[in-house]
Amino acid sequence: MLLRPLLCALSVLAGAPALAQEPAREPKPIAAQPATLNDDLRAKFVAQAPEDVVASKLIGTSIRNGANETIGSVADVVFDDKRAVKSYVVSVGGFLGLNAKYVAVAPETLILARKDGGRLDAVIETDKDQLRAAPEYVYLGTEPKK
């Protein structure tokens, strides 16, 4: 009789360490900064300076020549593979965009300046006839006019 309670007590004591152990847990992830290459992938924010020219404000600007005649307007800006301005596409002729011809001019030929109130002023030393006689700028994937 004494043997039975003793065996029960021994089995309870033998199982006690197993009951005290907690189940194995996965290690918790450690919070860290995102992996970058010297922070080069982080967004950098830039404020506009008064001398900056915003493309959306430049497009549609009338272009005048030295005789103060309006000879076209800026229709587009073309950038090279280094994101520098390669040319300005000038819309010449036409009425309300109909029958207009597009001509690309080198950026150094179009003189941009700020006028009263910060308005952009564009001047080029040529005339309408020279622009009309220039080769037409054809956008990739479109057919030139015939």
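Start by selecting Val77 and looking across to β3, where its bridge partner is Tyr88. Move one place along to Val78, whose partner in β3 is Ser87. Strands here are DSSP runs of E with at least two residues, numbered from the N terminus.

Before going further, a word on the model: it is predicted, with local features requiring pLDDT of at least 70 and side-chain atom pairs counted only at pLDDT 80 or more, while totals for chains, interfaces and linings use all residues. Residues are numbered from 1 along each chain as its sequence is written, and side-chain values use heavy atoms, leaving out hydrogens and water.

**The β2–β3 hairpin**

Now show β2 and β3 together: they run antiparallel and are joined by 6 bridges. Two strands count as paired if DSSP finds at least two bridges between them. Follow the chain around the hairpin, which has 5 residues between the strands, and stop at Arg83, with its positive phi near 70°. Arg83 is not a glycine, and at 64% relative accessible area it is exposed. (Exposed means over 50% relative accessible area, buried under 20%, and partly exposed in between, using a 1.4 Å probe and protein chains only.)

For another positive phi in a residue other than glycine, select Asn68, where the value is near 65°. Asn68 sits in the loop between β1 (62–64) and β2, and counts as exposed at 52% relative accessibility.

**Across to β4**

Return to β3, where 6 of the 8 residues are buried. On to β4: this strand runs antiparallel to β3, and 5 bridges join the two. Tyr88 stands opposite Val105 in β4. What does Val105 touch, leaving aside neighbours within four places in sequence? Its contacts (heavy atoms within 4.5 Å) are Ser87, Tyr88, Val90, Ile124 and Leu131.

**The core**

Keep Val105 selected and add Ile63, Leu110 and Leu131: these four have the most contacts inside the largest nonpolar core, a group of 16 residues. Such a core is a set of buried Ala, Val, Leu, Ile, Met, Phe, Trp, Tyr and Cys residues joined through side-chain atoms within 4.5 Å. Colour β2 (70–79), β3 (85–92), β4 (101–105) and β6 (120–124) next, since each supplies at least two residues of this core.

**The whole sheet**

Zoom out to see the open sheet of 6 strands, with mixed pairing and the order β4-β3-β2-β1-β6-β5. Which strands stand at the edges? They are β4 and β5 (110–114), each with a single partner strand, so one side of each lacks a neighbour in the sheet. Neighbouring strands are turned by 40° against each other on average, direction ignored. That angle refers to axes fitted to C-alpha atoms, for helices over the stretch in contact, with angles between N-to-C directions running from 0 to 180 degrees.

**Last stop: Asp121**

Select Asp121 in β6. Is this residue buried or exposed? Asp121 counts as buried, at 7% relative accessibility. Show side chains and you will find Asp121 in polar contact with the side chain of Arg64 at 2.7 Å. A polar contact is a pair of N or O atoms within 3.5 Å; within protein, one must be able to donate a hydrogen and the other to accept it, and residues adjacent in sequence count only if both atoms are side-chain atoms. Not counting residues up to four places away in sequence, Asp121 touches Arg64, Ile111, Leu112, Ala113 and Lys115.

Terms used: Helix = DSSP H or I, 4+ residues; strand = E, 2+ residues; numbered from the N terminus.
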